[in-house]
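Here is a brisk report on one protein model. Keep the sequence and the 3D view side by side while reading.

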Amino acid sequence: MRLFYLGLFAFFCVESYAQETPKNTKTKDSTAIAKPQELSEVTIYGNKRQYIKVESDKTTVNVKNNPMLNSGSSLDAVKKIPGVITSPSGSLTLNAKGVTIYIDGMPSSLSGTDLQNYLLTLPATAIEKIELIYNPGASYDANASGSIINIITNSRKMKGVNASFNINYNFNKYQKPSPQILLSGKAKKVSWQTMVGYNYIDSEVTNKNDQTFTDFNPDEMLKQKNFAQSTNRNFYWRTGANYKLSDKSNLLVNYNVNLANDRVTNEATTTGTGIDFLNNGLSKNKNNNHEISLQYKTKLDTLDRTLDIIAFTNFFDKNPITKSHGINNGTSTFYGGDVDFKLANHYLKYDFAIPFKKMDFSLNTGGKFNFIKVTDKGIYALNSATPSVTDFDYKESNLAFYLEARKKIKKLNLTAGLRFEDYKVNRTAWQDAGRTDVDFKNTNFFPNASAMYEFTNDINLTASYSKKIQQADYNVLDPNNFSNFDQYNTSGGNPFLDPTFFDNYEVKLSAFQFVQLSANRTDAKDVNKFIFEADPSTLVSKQTFRQFDKLTTNSINFSFPIPLDYFLKGKEEFQKRMNDMDKMNYIFCNISYIDFTTKGYDFQFKQKPIMSYYAQAQIILPWSIKSSFSYNFTPPGTWEIYSLTKNIKQFDVSLTRDFMDKKLKIGLHCFDVFNENEINAVVSSTNLQTVFYQKPDTRTFRFSLTYNFGNMKLQKENTEIQTEKTGQGGGILK
């Protein structure tokens, strides 16, 4: 039945495309080519707008005009994209491969919970679109593991001054507003934009761990429960200006700041043989993130040779303070932690594109230098008046150059690239046990190759290969990276982790910018994964990261639409709506099959491949109300080193309507309607098997309102010279 829908949709895409494309037919009556009815019909169809555009090397998802994606945070939007799955440890994956987050074409220097918190505070209303780059080529950083999610923020450039006010009001057990105002405009050669907003979000999560310590005879068991209530408050200001130096060059300057003040209260219990522990804790965390970027783009000559230079700097600091007080069988316990974390990131890169149009050939080359410095000092006291101190220093420098060539031979497009990366990494940790120094130097070449065969203008087959590296970032290395700490639980990074090397293979069939069928294989060596473990003969659970010899991932992914309008409205109306997604009824589906094979890990459970199903529907209701529905469903199976024991599922509903000639938009949304999103999994290690359960308060109701001031119908004037990567890298000017 799915193949029937796919074939039906493809047939009508071809028919609709043929109807809109002039045909070279001979006729005695030359006026028949330009009938008024045909011109009128083209006017009715209008410009084609798509929510999802599938290409050979990437998929682009429109966020700005998609109510299911644009009413929450950037993290909410990313998690709802087809093919994106959140692992049991909380990390994001795309088609079962690891993900590197880019923002406006630049890799984020944040990682782990810091990155997720940043995306939580960046509203989805700030996003224009999201690019899913499945197998990035040599023009992207080699430190990209398997795939890239590039978040592209809004950029309105219209004459005069325009404004947009947006407010999201979240309510369930907690009720908090998140207002935002966007100002933009253009005067002569300068266009500018400023976004200011404030988020105030309350949430809660329940965690349960049933832990069996197998080093004892008989086994000892601890039952742990933690209930946490979080308050996240942050102010953000994002501003940018674009100065058009000439018809061939322009300069872009951006400054973004995010100031956060978070608070978490915990109620935790631990019970076992002779153990009855109650612990109440309070954590406060203030953090600041400043980003400054300068970008120069120029078209060098009439041959479309282009140069793109970007300088980027960001500074991030945080100061989490944790206090807790407990009672264990009548005995008082206490814990205190104070951490001072600072990160500085400096990034400079250039890209040079040299097309040879007469030869259907192009060369792209470029380079970058990146320097990251992290300092972190933690002071802890656990049932002692004498605190312990843990210092952590991290320095990384990376020099890189690349060359990538693309050649077209009739219907065959070939790409080959080579990237040189020179890494120098130093990690130093001072703890009570002494000093730990780990130096890592690596000079390596990272090749990529791809071939795309165009069966028609709308159907192509692509095969690609790339070699990548993933440096162990500060989030998994830092011993001060803790989320849970008392006399039965510790957590922290592992400073001894090596980088992971990846070999990524992909074969993909793309059709009509909507349909995609792909098969992927990733061989990863020295893989770092989050795990619960315990030292011999202890009843203390350690949450940390451990290295495994090899992880092989095989996956098959199928994305396709179901054109409801053909059945609901008939063939003629369906063809018209193909060019206006705002008025089209459809269901977009994504199905994934994923099989993991891990070496260097002793499984205590039966391994089983995992399936994942996703569907998003748009139904146009009476009175021009647009309804959107999405459903995620993942049945039990093995995810990397974790065994999912119960279904993971979530159903979301969104209703929106425009008023006042589209100046006012009002939306009502309900996320996780049936309150079913939870994680149940098992993970085992030496001396410990953990059955864990996590239930966040994902059922949330939201009211959203957006009002646009000014003449938003003015035609957008392009003040930019854009370099867009095509194929597996390289650029063309457009």
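A disulfide here is a pair of cysteine sulfur atoms within 2.5 Å. With that cut-off, a search of the whole structure, which is a predicted model, finds zero disulfides. Two cysteines can still be placed by burial. Cys589 is buried, at 12% relative accessible area. Cys670 is buried too, at 11%.

## Overall make-up

The protein chain holds seven helices and 37 strands. It has 734 residues, and 51% of them count as buried. Its exposed area is about 33,200 Å², with 57% supplied by carbon and sulfur atoms. Now take the contacts in the chain with a separation of 6 or more. Residues 24 or more positions apart account for 67% of these.

## Nonpolar cores

In soluble globular proteins, nonpolar side chains tend to be buried together. The largest nonpolar core in this model has 51 residues. Which of its members touch the most other members? They are Ile101, Ile130, Leu132, Ile149, Ile151 and Val374. Ile101 repays a look in the viewer. Neighbours within four places in sequence left aside, Ile101 contacts Leu92, Met106, Pro107, Ser108, Leu115, Ile149 and Ile151. Apart from this core lies another one, of 32 residues. Its members include Ile85, Ile275, Ile531 and Phe532.

Trp639 is worth finding as well. It sits in strand β29, residues 637-639. Is Trp639 buried or exposed? Its relative accessible area is 2%, so Trp639 is buried. Leaving out neighbours within four places in sequence, Trp639 is in contact with Ile85, Ser87, Pro88, Thr93, Ala96, Ile594, Phe596 and Ile610. Trp639 and Lys608 are 31 residues apart in sequence. In space, their C-alpha atoms are 8.6 Å apart.

## A nonpolar patch on the surface

Some nonpolar side chains lie on the surface. Tyr453, Phe455, Leu461, Val507, Leu509, Leu517, Ile556 and Tyr593 form a nonpolar patch there. Together they have about 670 Å² of accessible area. One of them, Tyr453, belongs to strand β20, residues 434-454. Tyr453 has 38% relative accessibility, so it counts as partly exposed.

## Salt bridges

Side chains of opposite charge can pair when their charged atoms come close. How many salt bridges does the model have? The count comes to 20. Three pairs are set out below.

| Acidic residue | Basic residue | N to O distance |
|---|---|---|
| Asp114 | Lys318 | 3.0 Å |
| Asp351 | Lys349 | 3.5 Å |
| Asp503 | Lys467 | 3.9 Å |

Start with the salt bridge of Asp114 and Lys318. Asp114 lies in helix α4 (residues 112-121) and Lys318 in strand β15 (residues 306-328), so this pair ties together parts that are 204 residues apart in sequence. Both partners are covered. Asp114 is buried at 7% relative accessible area, and Lys318 is buried at 15%.

Next comes the salt bridge of Asp351 with Lys349. Asp351 counts as buried at 12% relative accessibility. Lys349 also counts as buried, at 12%.

In the third pair, the side chains of Asp503 and Lys467 meet. Asp503 lies in strand β23 (residues 500-511) and Lys467 in strand β21 (residues 459-470), so the bridge ties together parts that are 36 residues apart in sequence.

Salt bridges also form a network. It links Asp141, Lys368, Arg419 and Glu421.

## Backbone details in loops

Three loop positions deserve a check. The peptide bond from Asn217 to Pro218 is cis, with omega near 0 degrees. Pro218 is in the loop between β11 (190-213) and β12 (220-246).

Lys410 is not a glycine, yet it has a positive phi of about 55 degrees. Its place is the loop between β18 (388-409) and β19 (412-431). Lys410 is exposed, with 78% relative accessible area.

Asp672 likewise has a positive phi of about 55 degrees without being a glycine. This residue is found in the loop between β32 (664-671) and β33 (679-685). Where does Asp672 stand, buried or exposed? Asp672 is buried, with a relative accessible area of 1%.

How values were computed:
Residues are numbered from 1 along each chain as its sequence is written. This is a predicted model: local features need pLDDT of at least 70, side-chain atom pairs count only at pLDDT 80 or more; totals for chains, interfaces and linings use all residues. Side-chain values use heavy atoms; hydrogens and water are left out. Buried means under 20% relative accessible area, exposed over 50%, partly exposed in between (1.4 Å probe, protein chains only). Patches are made of residues with over 30% relative accessible area and no salt bridge: like charges are joined within 9 Å, nonpolar side chains (Val, Leu, Ile, Met, Phe, Trp, Tyr) within 5 Å. Accessible areas come from the Shrake-Rupley method with a 1.4 Å probe; for residues, only the protein chains shown count as cover. A salt bridge is a side-chain nitrogen of Lys or Arg within 4 Å of a carboxyl oxygen of Asp or Glu. Helices (H or I, at least four residues) and strands (E, at least two) are DSSP runs, numbered from the N terminus. A nonpolar core is a set of buried Ala, Val, Leu, Ile, Met, Phe, Trp, Tyr and Cys residues joined through side-chain atoms within 4.5 Å. Contact means heavy atoms within 4.5 Å.
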